[in-house]
Amino acid sequence: MQHLDILVIRQAIEWQHHQQPVWLCTVLSTYGSSPRSPGALMAATLDGHYCGSLSGGCVEENFLQQIATGQYQEASQVVCYGEGGITPNVPLPCGGKLDVLIEYLSANTENIIYLTKILDAMDGRYALTKHLTLPYACDSLEQRGVVCASHVERRGKDISLHIAATSRLLIAGLSNVALYCADFANSLGFEVVVCENRSDVLDNLANQLNPTIKLLQVFPAKFIEEGGCHNNTAIVALTHDPRMDDLTLMEAIHTSAFYIGAMGSKKNSSKRRKRLRNIADFTSEELNRIHAPIGLPLGSKTPAEIALAIMADIVQKKNKASDSNKLIN
């Protein structure tokens, strides 16, 4: 879950502020079945506390045992878990294999700054390339242009981690479908932001929203206009209220969001398209960025099924966008 990786870095920063050294682990590559993808993070402390994950549990347990006995004190090193792996040779239940970069970060101001820059990249303030040469600490954090997805390049002892913004789902307006979308997206690792300023809707639906999801009492178009989106954002308008949906889409088209969608039948979607063309003089290319009717054609009828179709479409587009960022060994 990508959003989990943001929590990992935030927790690592908190531990550093409390003068605790941190072991920051990054999955570099996987072979066969593996529960975590390259770039996934885990952070741990000497007293056995950890945040994030590398596998289903066996790797984490072994790793904590190793650092408790004084292992992994070098600034950086790579260990391999799974069948055929070198020390530590811990089998994975799924039969896979994974390589993990381990960075030892002593408690100091420099490492807090280092982790904060990584967090800013995950929050979408910029893309970042992190480079290190084993067994030394990171020697550069270079701000980059748009990166569609975090990915890893590894050439011998040289490792580069390209860090992109965590996938974000911006839901414009609360509805029954929006509630399910928020839950599905949260489970899939998206950072979920819901924008809703209608008091009557908030009174009826806000208490049904998962409390871990960010709810902003602001007009969605205003949030977008003020920079609430980055290139790894999906924007969905799910209210059937033209006053909210149309303005949301008008602002969304001007962003670099990888997905823009609006709920409605083919007939209503066609009418919306004409309104947007007449009001804002959008080109066909710009209007074609809008997925409407939204979602994969699953024959969905219920709010949960519609939300499933929407998230399936978003995940499909997200994964296609990251196809060009493959691991280089």
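Two strands count as paired if DSSP finds at least two bridges between them. The exercises below apply this criterion to a predicted model.

**Exercise 1.** In what order do the four strands of the open sheet that contains E7 stand, and which strands are at its edges?

*Solution.* Step 1: the order of this open sheet is E7-E6-E9-E8, with antiparallel pairing. Step 2: strand E7 (140-144) and strand E8 (151-155) each have a single partner strand, so one side of each lacks a neighbour in the sheet, and these two are the edges. Step 3: on average, neighbouring strands here are turned by 15° against each other, direction ignored.

**Exercise 2.** How many bridges join strand E6 to strand E9, and which residue in E9 stands opposite Leu132?

*Solution.* Step 1: strand E6 (residues 127-133) and strand E9 (residues 158-163) run antiparallel and are joined by six bridges. Step 2: the residue opposite Leu132 is Ile159 in E9. Step 3: H3 packs on this sheet and touches E6, E7 and E9; the direction of H3 makes about 140° with that of E6.

**Exercise 3.** Describe the five-stranded open sheet and the helix that packs on it.

*Solution.* Step 1: the strands follow the order E3-E2-E1-E5-E4, and their pairing is antiparallel. Step 2: strand E3 (50-52) and strand E4 (76-82) are the edge strands, each pairing on one side only. Step 3: four bridges join strand E1 (residues 22-31) to strand E2 (residues 41-44); Cys25 has Met42 in E2 as its bridge partner. Step 4: helix H3 (residues 109-122) packs on the sheet, in contact with E1, E2 and strand E5 (97-105). The direction of H3 makes about 135° with that of E5.

Definitions and conventions:
Residues numbered from 1 in each chain as written. Predicted model: local features only at pLDDT ≥ 70, side-chain atom pairs only at ≥ 80, totals over all residues. Heavy atoms only, no water. Contact = heavy atoms within 4.5 Å. Axes fitted to C-alpha atoms, helices over the stretch in contact; angles between N-to-C directions.
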